[in-house]
Amino acid sequence: MFFDLAQIDPAIGYKLLTATIVPRPIAWVSTLDAEGRLNAAPFSFFNALGDAPPTIALGITGAGTNGLKDTAQNILDTGEFVVNLVPAALAEQMNTTSINAPRGVNELELAGLSTAPATHVKPPRIAQSPVSFECVTHTAILTGPHQLAVIGRVLAVHVADAFVLNAERGHIDTPGLNLIGRGFGATYIRTGDTFDMVRPRWQD
């Protein structure tokens, strides 16, 4: 089947992307608006982009006809944000923060979550998240009337002590994090079902 995205409803294009690009890790983004009010929301158009310098990519899709989502506007206004990762134990709380609340509502309070201070940026971390990335905007591009693509430079990483195997070597207990990813529709994916492959080397 061939789908020409220029000729079909954008909603169908969204379904095609999200039903086939799986799993997608979840960026649980905390920001502050220009008045210092906290916002938190999850986004699954997210991944690591590079390591020298360390960068992440974040896609924030539209809010209908109401302009940019709060997260996108806050990043444009302040240039700072924190990406928190989502373990299975916080799935319900993460889902709560996806609510289409009015601007200025603190979604973390709705979800019964607390914050912890960041070191290099003003937005706080989500205290219950096992991993948080403090980020500043490297590049932000409006890719549509209500859509923003952000490349963030990662200034610092916070990892809960229980999951740090060797700090000097950067070894993390990744399975222990028990992170979840987005699947299709309302489906989420656990990261526990894994297999190993050794990358081939030409010289071998």
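This passage describes the two largest pockets of a predicted model and the residues that line them.

Rolling a probe the size of a water molecule over the atoms shows where empty space is left. In this predicted structure, the largest pocket has a volume of about 710 Å³. Its lining is made up of 30 residues, of which Ala 41, Pro 42, Phe 43, Lys 69 and Ser 98 lie closest to the centre of the pocket. Two or more lining residues come from each of strand 3 (38-43), strand 5 (54-60), helix 2 (70-78) and helix 3 (91-96), and among the contributors strand 3 provides the largest share, with 5 residues. When the residues of this lining are sorted by class, 15 are nonpolar, 11 are polar and 4 are charged.

The second largest pocket holds about 580 Å³ of space, and it is lined by 28 residues, with Pro 25, Phe 46, Leu 85, Phe 133 and Leu 179 closest to its centre. At least two lining residues are supplied by each of the strands 1 (24-25), 4 (45-51), 5, 9 (131-144), 10 (147-159), 13 (180-182) and 14 (188-190), and likewise by helix 5 (174-177). Strand 4 gives the most to this lining, namely 5 residues, while strand 5 is named among the contributors to the largest pocket and also among those to the second largest pocket. By class, the lining of the second largest pocket divides into 19 nonpolar, 6 polar and 3 charged residues.

Terms used: Residues are numbered from 1 along each chain as its sequence is written. This is a predicted model: local features need pLDDT of at least 70, side-chain atom pairs count only at pLDDT 80 or more; totals for chains, interfaces and linings use all residues. Side-chain values use heavy atoms; hydrogens and water are left out. On a 1 Å grid over the protein atoms alone, a cavity is a set of points where a 1.4 Å probe fits but cannot get out, and a pocket is an open set with protein on both sides within 12 Å along at least five of seven lines; lining residues have an atom within 4 Å of a point. Grid points are joined across faces, edges and corners, and a volume is the space filled by probe spheres set on the points. Helices (H or I, at least four residues) and strands (E, at least two) are DSSP runs, numbered from the N terminus. Ala, Val, Leu, Ile, Met, Phe, Trp, Tyr, Cys and Pro count as nonpolar, Asp, Glu, Lys and Arg as charged, and the others, Gly among them, as polar.
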